[in-house]
Amino acid sequence: MLTGALRHREMREHNIRFVLSLIQQYSPISRPELARRSGLTKASITRIIQDLRKGDLVDEYSGLYEETGGRPATLIRMKSGNQASVGIDLRIDRMTVLLRDLSGQELARHSERSEPDSDPEIVFRRLAKTIKDLMDKYPRVLTGIGVAIGGQPSNDHTGIEESQYLGWKHVDVRGLLREQLDVPELPCYVHDVASCAAEANGAVGTVGGVHSLLHVQYGIGIGAAVPTVLHRITNDTINPNVVGHLPFGGEAETCEVCGWRGCVDSVLGFPSVIRRSADLGIRLSASSDFMRRYCEDLARLWISGDSNAREVVARLENDVARLVTLMSMLQACSTVTIGGWPLYMGKEFVSRVERIVQSNRQTSRVEVTISELGDDAPVIGAAMFGAIAGITRAFDWDSARS
């Protein structure tokens with residue numbers, strides 16, 4: 001049983017982490033807006049900001065603030081300084097490494113094709129070398145690393161419990177990165193692709209607001225998530241790895257993972273897109289962005305008026321819209337951002353999906369959109385998780401006040 005002092009300390013740490021994540025997401029932001037979004041009192045926000053300034057993590061300046069109609073306000077932002085975080089987007093088709101300073105400025109990135117069933121040690125050795133190369137070009141203190149994976153993270157978010165599409169189980173991501181980078185205490189946070197994308201999309205002020213945002217990620221498998229700010233406030237969350245294996249029906253083969261014929265993954269995963277369009281003569285590229293290129297080729301055939309392509313795309317539109325409608329009703333959200341292969345089909349495809357969703361009376365006001373981050377959202381969200389993990393680890397909790 002926790003003593004009163006321990007409960008008080010835990011609450012203090014929770015509040016500081018929460019405020020840090022809000023500043024990371026909405027920077028620049030005013031103190032009144034932080035109080036509104038966090039539910040904390042203005043006095044608590046003032047004390048937390050004082051502690052963060054002592055830790056040289058944030059600064060304040062006078063500027064014009066959109067939330068107050070462009071009137072002058074004192075704004076808070078993360079300090080970039082000499083610190084940076086790394087985001088890794090690790091998927092079945094490619095892996096991307098992003099170096100980003102704490103103010104959110106991208107410093108460098110690198111992408112290359114990945115192969116399923118590759119040895120995790122070999123993969124993370126390559127990733128570590130890439131991180132070292134990027135940091136040699138842009139020297140910074142590495143605050144933390146976030147990793148977006150197409151699979152299920154471990155309960156403590158330091159590794160991969162299972163990624164059936166990568167062919168991995170029980171991978172100690174933090175241990176591998178610490179060993180390869182020779183940084184024994186390196187903070188590392190692992191999350192699924194959909195959750196990382198939702199985190200980043202919530203940070204850019206997607207229409208509808210973070211409190212009503214859902215992200216659906218369409219890749220080899222399907223995931224859905226809401227920003228962590230939303231579950232901190234409402235305890236409202238979903239398991240992104242369950243979504244892909246919900247019974248769904250439609251055009252599908254038996255799923256090798258769950259054994260169902262017609263689960264979400266088998267109907268809407270990228271392999272289904274290839275299977276449905278097999279007679280159109282589209283070749284699968286050997287490049288790291290083969291999914292994007294395939295969908296762009298399919299979209300060109302569709303737009304050109306090819307009757308077979310139009311039939312394939314019409315069925316895809318309907319199935320994508322069915323899943324968005326289902327998830328929108330379950331989550332009671334007003335905005336759905338889409339990532340993955342539908343994004344590569346183009347804005348017209350997403351607009352048509354939105355019209356189908358809005359034809360349902362229960363979801364007539366749901367906006368379906370591509371965030372301004374596009375397919376960069378997962379790796380940016382991973383970098384954000386890495387930054388918060390590193391900052392909160394380094395923060396001097398004993399000197400912080402409640």
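**Helix packing and strand pairing in a predicted model**

Helices α12 (residues 307-331) and α14 (residues 347-358) have axes that come within 9 Å and cross at roughly 55°. That angle makes α12 oblique to α14, because it falls outside the ranges that count as roughly parallel, roughly antiparallel or roughly perpendicular. The crossing of α12 with α14 is right-handed. On the α12 side, the contact is made by Val-313, Leu-316, Glu-317, Asn-318, Val-320, Ala-321, Val-324 and Thr-325. Helix α14 contributes Phe-349, Arg-352, Val-353, Ile-356 and Val-357. By class, this contact has 9 nonpolar, 2 polar and 2 charged residues. The model is predicted, and these values are computed from it.

A second helix pair was examined in the same terms. Two packed helices are described by the angle between their axes and the distance between the axes. The axes of α4 and α5 (residues 173-181) come within 9 Å and cross at roughly 50°. Helix α4 is therefore oblique to α5. This crossing, too, is right-handed. From α4, the contact draws on Pro-120, Glu-121, Phe-124, Arg-125, Ala-128, Ile-131 and Lys-132. From α5, it draws on Val-173, Leu-176, Leu-177, Gln-180 and Leu-181. The residues of the α4 contact with α5 divide into 8 nonpolar, 1 polar and 3 charged.

Helix α4 (residues 120-137) also meets strands. It lies across β4 (83-90), β5, β6 and β7 (141-149). Its direction is at about 35° to β5. These strands belong to an open sheet of 5 strands, in the order β6-β5-β4-β7-β11. Pairing in the sheet is mixed. The edge strands are β6 (106-113) and β11 (188-192), each of which pairs on one side only. From one strand to the next, the twist averages 15°.

Within this sheet, β5 (residues 94-101) pairs with β6 in the antiparallel sense, over 7 bridges. Arg-94 has Arg-113 in β6 as its bridge partner.

Another antiparallel pair is formed by β12 (residues 213-218) and β13, joined by 4 bridges. A hairpin connects β12 to β13 through 3 residues. Tyr-218 stands opposite Ile-222 in β13. Strand β13 (residues 222-225) is covered on both faces. Ile-222 and Ala-224 are buried on one side, and Gly-223 and Ala-225 are buried on the other.

Technical notes: Residues are numbered from 1 along each chain as its sequence is written. This is a predicted model: local features need pLDDT of at least 70, side-chain atom pairs count only at pLDDT 80 or more; totals for chains, interfaces and linings use all residues. Side-chain values use heavy atoms; hydrogens and water are left out. Two strands pair if DSSP finds at least two bridges between them. Helices (H or I, at least four residues) and strands (E, at least two) are DSSP runs, numbered from the N terminus. Axes are lines fitted to C-alpha atoms, for helices over the stretch in contact, and angles run from 0 to 180 degrees between N-to-C directions. Contact means heavy atoms within 4.5 Å. Buried means under 20% relative accessible area, exposed over 50%, partly exposed in between (1.4 Å probe, protein chains only). Angles under 35 degrees count as roughly parallel, over 145 as roughly antiparallel, 65 to 115 as roughly perpendicular and the rest as oblique. A crossing is left-handed if the near helix is turned anticlockwise from the far one by less than a right angle, and right-handed if clockwise. Ala, Val, Leu, Ile, Met, Phe, Trp, Tyr, Cys and Pro count as nonpolar, Asp, Glu, Lys and Arg as charged, and the others, Gly among them, as polar.
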